[in-house]
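User: Could you take me through the ligand site in this model? I would like a close look at what surrounds the ligand and at the pocket there.

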Amino acid sequence: MQTAPAPLHAARTAGNRIILDDGRELIDAVSSWWTAAHGYNHPHIVMTMEKQLHDMPHVMFGGLIHKPAEQLAARLATLLPGPLNRVFFADSGSVSVEVALKMAVQFWINQGDRKRNQFLSFHDGYHGDTLAAMSVTDPDEGMHALFRGYLPEQIIAPLPRDNATGAEFGLLLETHKEEIAAIIIEPLVQCAGGMKMHDPEVLKTVADAARDAGVLLICDEIAVNFGRTGTLFAYTQADVAPDIICLGKALTGGAINLAATVSTSDVFGAFLSDDPDAALMHGPTYMANPLACAAANASIDLFETEPRLQQASAIEKQLERELTPLAHVPGVVEIRVKGAVGAVEVFDLHNLDWLKAQFVDAGVWLRPFGNVIYTMPPLTVTPSELTSITSAMAEILPRWAERK
Ligand SMILES: Cc1ncc(COP(=O)(O)O)c(C=O)c1O
């Protein structure tokens, strides 16, 4: 608070833009933290929410159930291939990760195995800001390093990308497999850890190893679900079958908060018992909020009726074309593109506030962090809006490099 520049006043949103109090319009290059898949204020989402607001904005989800949640659970179960068909609704991504971790530990406890109270996760991973979610996040990442000693110690491995990292990952898993409840991974793109990308084969290696070691696999799709990597869910690009998956962010098309932890019927089966202690004890007050479930149903309607996945693949091609030339700018380490994610990694993100202000002056809302200058635009971004984003990068980056 002491050193941060004053935030800008957002007055309203429309299409792929944020309109400020002073009338300036910014193209949103980051979809409000990767949520606004259909841009803002899509009439179908707004109308559905308005109707739901009048019928029932909220009702508790204990002893009561309602149509928006029932419908959404059924639709998610249909959209997710395989036996992922048991849905727990949470109110944020971090909470859905907490639930997934708790579910994995209790899955084993309910079967009499109390030793499995650790997780294997990956360098550069990010799973949220609550305490257990922080513990499976890269320990050297940002603020989380401050809490070392307070957070549970997990097993953090490199992603098995080659022989050396494969051997290290394999050894860690083999050594600890009796204590591990689950492996947790962000499929294909580790977003908050720096937009690091891996091939589906890497995910497949992890999934096969989890299966061979007899531990559960949790795919945290919160940042990449609903089309971001070109498919509705990123993990479906590899031939893998997660036991639990976490959904969030674009689940409601960015209109309101909602997340879900979805498990297979096998995982669910371990909680079905006459013994009340076998139940999953977790109940966020606003779980399955009807307004949020209605927004998510409307967002899924749009994935069914509008060409979002084709738009994601067109964005990928345009990003490849327009970002690749930036590889020659001094200070740039690598250009990475996957679906509607484009990242320019730099050696050192100096003059960060200056850089952000330059993008605002260019009419683009873009928020570099770590050592990446990246875009994750709404899937509805138009080709010319996307060119405005990449042109701003091309124009600003060399000037930024000179300031060093
Ligand atoms: C992969 C991943 N998991 C979990 C989270 C946490 O979600 P939330 O911010 O909704 O708590 C994030 C947020 O960026 C994320 O990218």
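Analyst: Happy to; here is a walk from the ligand outward to the pocket. Please keep in mind that this is a predicted model.

Let's start with the ligand's neighbours. The residues around the ligand are W34, S92, G93, S94, Y126, H127, G128, E186, D220, I222, A223 and K249. Sorted by class, this shell holds 4 nonpolar, 5 polar and 3 charged residues.

Some of these neighbours make polar contacts with oxygen atoms of the ligand. On the side-chain side, a polar atom of S94 comes to 2.6 Å from a ligand oxygen, and a polar side-chain atom of K249 is 3.1 Å from a ligand oxygen. G93 takes part through its backbone, where a polar atom lies 2.9 Å from an oxygen of the ligand. As for cover, the ligand on its own would expose 390 Å², and the protein buries 82% of that area.

Now let's step back to the space itself. The ligand sits in the largest pocket, which holds about 1,300 Å³ of space. This pocket is lined by 41 residues, and those closest to its centre are W33, W34, Y126, D129 and K249. By class, the lining comprises 20 nonpolar, 13 polar and 8 charged residues.

Finally, the helices. Helix 1 (31–34), helix 4 (93–109) and helix 11 (352–361) each contribute at least two residues to the lining of the largest pocket. Helix 1 gives the most, with 3 residues.

Key: Residues are numbered from 1 along each chain as its sequence is written. This is a predicted model: local features need pLDDT of at least 70, side-chain atom pairs count only at pLDDT 80 or more; totals for chains, interfaces and linings use all residues. Side-chain values use heavy atoms; hydrogens and water are left out. A residue is near a molecule or strand if one of its heavy atoms lies within 4 Å of it. A polar contact is a pair of N or O atoms within 3.5 Å; within protein, one must be able to donate a hydrogen and the other to accept it, and residues adjacent in sequence count only if both atoms are side-chain atoms. Accessible areas come from the Shrake-Rupley method with a 1.4 Å probe; for residues, only the protein chains shown count as cover. On a 1 Å grid over the protein atoms alone, a cavity is a set of points where a 1.4 Å probe fits but cannot get out, and a pocket is an open set with protein on both sides within 12 Å along at least five of seven lines; lining residues have an atom within 4 Å of a point. A molecule sits in a cavity or pocket if more than half of its atoms lie within 2 Å of its grid points. Ala, Val, Leu, Ile, Met, Phe, Trp, Tyr, Cys and Pro count as nonpolar, Asp, Glu, Lys and Arg as charged, and the others, Gly among them, as polar. Grid points are joined across faces, edges and corners, and a volume is the space filled by probe spheres set on the points. Helices (H or I, at least four residues) and strands (E, at least two) are DSSP runs, numbered from the N terminus.
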